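Visitor: I have a model open on my screen and a few labels I'd like explained. Can you walk me through them?

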Amino acid sequence: MKQFLSFVTKEFYHIARDKRTILILLGIPIVQIILFGFAITTEVKDIRMAVFDPSKDEVTQKIIDKLDANEYINVVSVIDHPEDIESAFRKGKADIAVIFNQHFSDNYRHTGEASVQLITDGTDPNTASILTGYVTNILMAAQQEINVQYKSPLSITPEVKLLYNPGMKGAYNFVPGVMGLILMLICAMMTSISIVREKEMGTMEVLLVSPMKPIYIIVAKAIPYLVLSCINIITILLLSVYVLNVPVAGSLTLLFGISLLFILVSLTIGLLISTIVKTQVAAMLASGMVLMLPTILLSGMIYPTENMPFLLECITHIIPAKWYIICVKKIMVEGLGFTFVLKEVGILLVMATVLLIISLKKFNDRLE
Amino acid sequence: MIKYLIEKEFKQIFRNSFIPRLIIAYPIFMMLILPWAADLEIKNINLYIVDNNHSQYSRQLTQKAAASDYFRLTDVSSSYDEAIKSVERGDADIIMEIPANFEQDLIKSGNTKLLISANAVNGTKGGLGSSYLSSMITDFTADIKDKWIQPQKKEAITPSIKIETQYRFNPHLDYKAFMIPALMVMLLTILCGFLPALNIVGEKEKGTIEQINVTPVKKFTFIIAKIIPYWIIGFMVITICFGLAALVYGLMPIGHLSTIYLIVLLYVLTISGFGLVISNYSDTMQQAMFVMWFFVLILMLLSGLFTPINSMPHWAQIITDFNPLKYFVQVMRAVYLKGSGIMDLIPQISALMIFMVLINSWAVVSYRKKS
């Protein structure tokens with residue numbers, strides 16, 4: 001035991017010597033939470049609108065005023081020719097153009113049909129469709145105001161209740177994602193690099209001839225990263241509660257328990273990588289690119305996995321972070337108990353066991 | 001002199017069997033997978049209907065919802081508790097509750113209510129899902145107006161605004177067309193940024209840098225020789241990307257390919273130079289890797305690649321002005337989708353040129369022959 005502890009201390013010294021890396025490891029969660037919390041949003045604000053109004057009557061003026069009064073929309077230019085829109089889009093000066101037809105008011109009152117064209121820059125499909133949605137709603141509201149004298153014979157009013165996240169804050173979705181990403185980064189990436197480094201430098205041989213069993217050497221290597229990960233989870237949770245106002249609705253103990261399980265999975269992935277590659281460069285590239293990028297993109301952290309084509313959705317099932325993120329969302333945001341995350345916990349347990357068996361087997365094979 | 005140095009760099013890159021394979025396989029793999037994954041469109045929303053009314057109208061509404069492209073009907077029951085359990089299990093995303101007196105109210109007073117409860121853990125999904133559902137309900141109201149209300153009532157026409165919507169540059173709102181040019185930026189950043197970042201510090205760790213330091217090689221020549229291989233690698237990577245975008249996704253740039261190659265030239269030099277700067281300041285490869293990771297993460301998130309820059313707060317928008325990735329993403333999307341030419345892109349091109357000169361000068365200055 002004493003030997004083991006001195007091994008762990010050695011590893012701690014090893015890591016603490018490189019101050020810059022430690023600073024980055026502790027800083028990444030803070031920067032991510034701040035960026036995701038404040039800067040990264042798909043909400044569409046500051047919409048720049050161009051208007052072409054050949055009719056210039058009281059109805060179109062009323063509609064334009066109503067559009068301009070909206071807090072998200074600024075009418076930036078009133079254009080004289082519909083052809084000017086193209087160049088406004090190309091120069092990136094407008095996001096949407098509203099084009100009224102001739103004699104708008106007359107058409108509206110007499111034939112009951114007056115038309116408006118909404119032209120948006122469709123380069124970014126998401127922004128474009130949210131934008132047209134906004135403007136359509138405002139036009140509908142304007143129409144209702146103009147039509148007060150007509151009573152609509154039928155109406156069904158939907159009452160909308162947003163469960164768990166009434167403010168529709170993005171933070172509820174990405175905090176669990178950031179947790180998954182950071183644990184993966186520290187446990188899988190750092191562990192694999194630090195083991196391969198010993199191999200590359202030849203110091204692994206020295207360790208292996210010591211009276212310690214190889215398994216303890218590996219465990220001793222993993223412990224400092226486990227401690228670092230715990231500090232990071234605490235940082236993330238504190239920031240999310242006190243800075244982003246995302247409360248932890250469920251059991252904190254359960255949350256930590258699941259996180260430890262995920263840390264175990266990530267550590268075994270790191271161990272597995274270290275048995276496959278020979279050099280530090282390869283370890284870094286394998287964990288940094290081959291592992292991290294799919295984790296970011298296929299875990300449901302940014303992009304919903306159920307939208308993906310069937311084959312790709314199948315691939316997402318083997319990404320451990322996906323199951324961890326689902327767990328964290330259920331416990332932290334929805335406040336559900338252990339029975340609701342049984343499936344996810346089971347999957348993570350199976351992954352941990354399988355990875356551990358494979359990597360220990362490979363690790364032992366290489367020693368002979 | 002420089003010829004031999006470049007030859008040496010290539011030998012070093014190709015001696016490690018992992019790197020050449022990565023340079024070819026990574027872009028192919030990513031181009032085949034990422035465009036399918038990076039999709040923010042919301043579809044296939046799982047809908048649970050709680051029908052407390054069991055009337056002709058409520059069944060009609062259920063059918064209409066089931067027929068919609070946006071929704072997948074998971075279950076219909078008359079228990080809200082069952083529905084909530086289904087949401088908690090993750091089987092349903094949104095609940096539509098039809099109240100017990102739905103049809104009666106509609107016939108008697110012409111007004112009735114519907115309750116929508118959406119799981120908003122993912123705020124965008126919850127919000128969009130409930131607004132799709134609301135607009136489906138509006139359609140349904142129009143349907144019954146047309147079909148079931150007696151013709152004489154229809155005579156008092158309510159005037160309405162006819163809205164026509166047009167999407168320029170990407171009429172079918174194809175998310176892949178939007179993401180693929182930007183994903184190429186990401187690939188180039190990763191490959192041509194990380195590899196140089198590990199380069200000089202790698203030589204430091206191995207000790208081979210000492211041998212260079214005792215030769216009369218100038219700092220400038222040394223850095224140029226380090227950068228040129230990545231430049232060639234960058235061209236290879238982008239060509240693979242073009243090929244795959246055209247073959248697999250049928251996506252060709254509307255603008256000229258030469259415009260893109262010009263920008264790629266500037267950008268690869270910038271990002272590789274940045275990698276070398278980090279390499280110069282690092283003591284170990286591990287350190288270089290993490291410092292690079294830290295910066296690339298921030299640069300990518302603040303580049304407009306994933307989320308629009310317009311919706312960022314003012315302070316973040318100012319930061320993006322100093323981000324070379326932002327300009328490269330803008331150029332790629334403009335050339336691919338809008339067909340912009342060099343003249344349209346002068347602000348972006350000049351910004352990248354300034355970055356290239358500044359960063360590479362820094363790489364030369366920060367490289368110390370004596371430790």
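Guide: Here is a short round of questions and answers on those labels.

Guide: Ground rules to begin with: this is a predicted model, where local features need pLDDT of at least 70, side-chain atom pairs count only at pLDDT 80 or more, and totals for chains, interfaces and linings use all residues. Residues are numbered from 1 along each chain as its sequence is written, chains are lettered from A and ligands numbered from 1 in the order in which they are written, and side-chain values use heavy atoms, with hydrogens and water left out.

Visitor: What makes Lys226(B) and Glu203(B) a salt bridge?

Guide: A salt bridge needs a side-chain nitrogen of Lys or Arg within 4 Å of a carboxyl oxygen of Asp or Glu. The closest N and O atoms of Lys226(B) and Glu203(B) are 2.4 Å apart, so the pair qualifies. By this rule there are 17 salt bridges over all chains.

Visitor: Why is Lys226(B) called buried?

Guide: Buried means under 20% relative accessible area, exposed over 50%, and partly exposed in between (1.4 Å probe, protein chains only). Lys226(B) has 0% relative accessibility, so buried it is. Its partner Glu203(B), at 4%, is buried too.

Visitor: What does the pair of Lys226(B) and Glu203(B) tie together?

Guide: Lys226(B) sits in helix α9 (residues 219–249) and Glu203(B) in helix α7 (residues 175–206), both of chain B, so the pair ties together parts that are 23 residues apart in sequence. Helices here are DSSP runs of H or I with at least four residues, strands are runs of E with at least two, and both are numbered from the N terminus.

Visitor: How do you know that Glu159(A) and Lys113(B) form a salt bridge?

Guide: Their N to O distance is 3.5 Å, which is within the 4 Å limit, so the pair counts. Glu159(A) is in strand β5 (residues 155–163) of chain A and Lys113(B) in strand β4 (residues 111–119) of chain B, so this pair joins two chains.

Visitor: Why are Glu159(A) and Lys113(B) called partly exposed?

Guide: Glu159(A) has 36% relative accessibility and Lys113(B) has 45%. Both values fall between 20% and 50%, so "partly exposed" is the label.

Visitor: What about Glu11(A) and Lys10(A)?

Guide: Their side chains meet at 2.6 Å, N to O, so that's another salt bridge. Glu11(A) is buried at 2%, whereas Lys10(A) is partly exposed at 29%.
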